[in-house]
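Q: Could you take me on a close look at one part of this model, the second largest cavity? I would like to know which residues line it, and how it sits in the chain as a whole.

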Amino acid sequence: MIIDNIACPVCQHTGPKKLLRTVENYKVLACPVCSFQFIHPYVESRQAFDDYPWTKEYTENYDRYVAPVTESLAGKIKDVEALAGRRPASFLDVGCGNGLYLKAASELGLRNLGTDVDRVNVDFARGKGLNAVAGAIEEMELAEKYDFVHLKAVIHLVPDPSALVAKAASLLAPGGVMYIDVPNQGSLFSGLRILRDRRSYGQLQLPLRRGAYNFRALSDLCCRTGLIIVRRVFPYPGDSVYYPLDNRPQYRLLFRLFAKAHISSLIGVYLVKENVGEDRIVR
């Protein structure tokens with residue numbers, strides 16, 4: 001079935017959308033222009049992210065996760081240094097949650113700031129002595145620019161992803177690098193979930209996960225906000241840099257094969273602003 005006159009939250013295309021599934025009173029739609037998939041209505045007034053349930057495990061076992069997250073960030077810093085030609089000195093974590101990556105940044109000697117709309121998690125981070133601020137970054141006036149801007153598992157949750165990414169890009173220092181990752185709607189896991197669970201649609205899960213990206217949709221969003229992808233990664237559980245929190249080592253080889261086939265459960269991209277030289281662009 002085709003649905004008309006609903007704007008895509010990523011590209012704003014108002015033309016026909018493919019109806020993928022109906023879940024409760026909601027429509028699951030796909031945009032033919034950018035391939036973004038989303039639940040309609042995309043934004044509801046009752047949506048709230050305080051005490052976000054997906055982060056509870058990491059908060060309850062915070063101390064156990066500090067070391068692997070620090071190793072993760074150290075690996076990303078090496079990637080940023082290779083792309084930018086210098087080690088970053090400052091770090092902005094958009095959607096910082098309970099502050100694990102801020103703790104890692106402090107351990108690694110980076111000036112840092114984290115923002116999150118989840119006030120419960122921000123209060124937890126601040127209780128750990130971390131530099132976290134509650135609120136939507138699109139509504140903040142920040143004086144500093146940052147060498148490394150980090151958006152981990154964020155943009156599939158926000159009401160206006162283009163506005164969020166554009167604001168984050170405006171906070172990049174000259175020569176800075178941004179990293180974004182999202183759950184991969186094109187993954188094998190998402191495909192299996194679509195088949196077996198009629199109450200969701202892969203990564204689209206009520207009430208909070210209302211947008212889903214494959215690589216095409218993520219690329220479209222980044223391009224529309226003036227950013228160029230200079231490296232892409234397909235993380236897999238057990239990857240010490242991009243997906244360090246895993247307790248299923250027996251499946252690691254299989255997960256690595258999925259990553260090589262670009263059907264792993266996450267997509268990550270490194271980005272720079274459009275005005276970089278051609279030598280910075282990875283084909």
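A: Happy to. In this predicted model, the lining of the second largest cavity is made up of Val80, Ala84, Arg86, Pro88, Asp147, Gly175, Gly176 and Val177. By class, four of these lining residues are nonpolar, two are polar and two are charged. Here Gly counts among the polar residues, so Gly175 and Gly176 belong to that class, while Arg86 and Asp147 count as charged.

Where in the fold do they come from? Two elements, helix H2 (62-84) and strand S9 (172-183), each provide at least two residues of this lining. Strand S9 has the largest share, with three residues. The volume enclosed is about 30 Å³.

It helps to set this beside the other cavity. Searching the whole structure for cavities of 30 Å³ or more turns up two. The largest one has a volume of about 40 Å³, and its lining consists of Val23, Tyr26, Val28, Ile39, Arg199, Ser200, Tyr201, Leu204, Gln205 and Leu206. Seven residues of that lining are nonpolar, two are polar and one is charged.

Helix H2 also leads us to another part of the structure, helix H3 (residues 100-107). The buried residues of H3 are Leu100, Tyr101, Leu102, Ala104 and Ala105. H2 is among the elements that cover them, together with helix H1 (56-60), strand S5 (90-94), strand S6 (111-116), strand S7 (132-134) and strand S8 (146-152). So H2 appears twice in this tour: as a contributor to the lining of the second largest cavity, and as part of the cover over the buried residues of H3. After H3 comes glycine 109, with a positive phi near 85°.

Now for the chain as a whole. There are eight helices and 12 strands in the chain. Its radius of gyration is 18 Å, close to the 19 Å that the globule rule gives for 283 residues, so the chain is as compact as a globular protein of that length. The C-alpha trace spans about 55 × 40 × 40 Å along its principal axes. Of the 283 residues, 55% count as buried. Among contacts with a separation of 6 or more, 66% are between residues 24 or more positions apart. As for the outside, the chain exposes about 13,100 Å², and carbon and sulfur atoms supply 52% of that area.

How values were computed: Residues are numbered from 1 along each chain as its sequence is written. This is a predicted model: local features need pLDDT of at least 70, side-chain atom pairs count only at pLDDT 80 or more; totals for chains, interfaces and linings use all residues. Side-chain values use heavy atoms; hydrogens and water are left out. On a 1 Å grid over the protein atoms alone, a cavity is a set of points where a 1.4 Å probe fits but cannot get out, and a pocket is an open set with protein on both sides within 12 Å along at least five of seven lines; lining residues have an atom within 4 Å of a point. Grid points are joined across faces, edges and corners, and a volume is the space filled by probe spheres set on the points. Helices (H or I, at least four residues) and strands (E, at least two) are DSSP runs, numbered from the N terminus. The radius of gyration is taken over C-alpha atoms; the globule rule is 2.2 Å times the number of residues to the power 0.38. Buried means under 20% relative accessible area, exposed over 50%, partly exposed in between (1.4 Å probe, protein chains only). Contact means heavy atoms within 4.5 Å. Accessible areas come from the Shrake-Rupley method with a 1.4 Å probe; for residues, only the protein chains shown count as cover.
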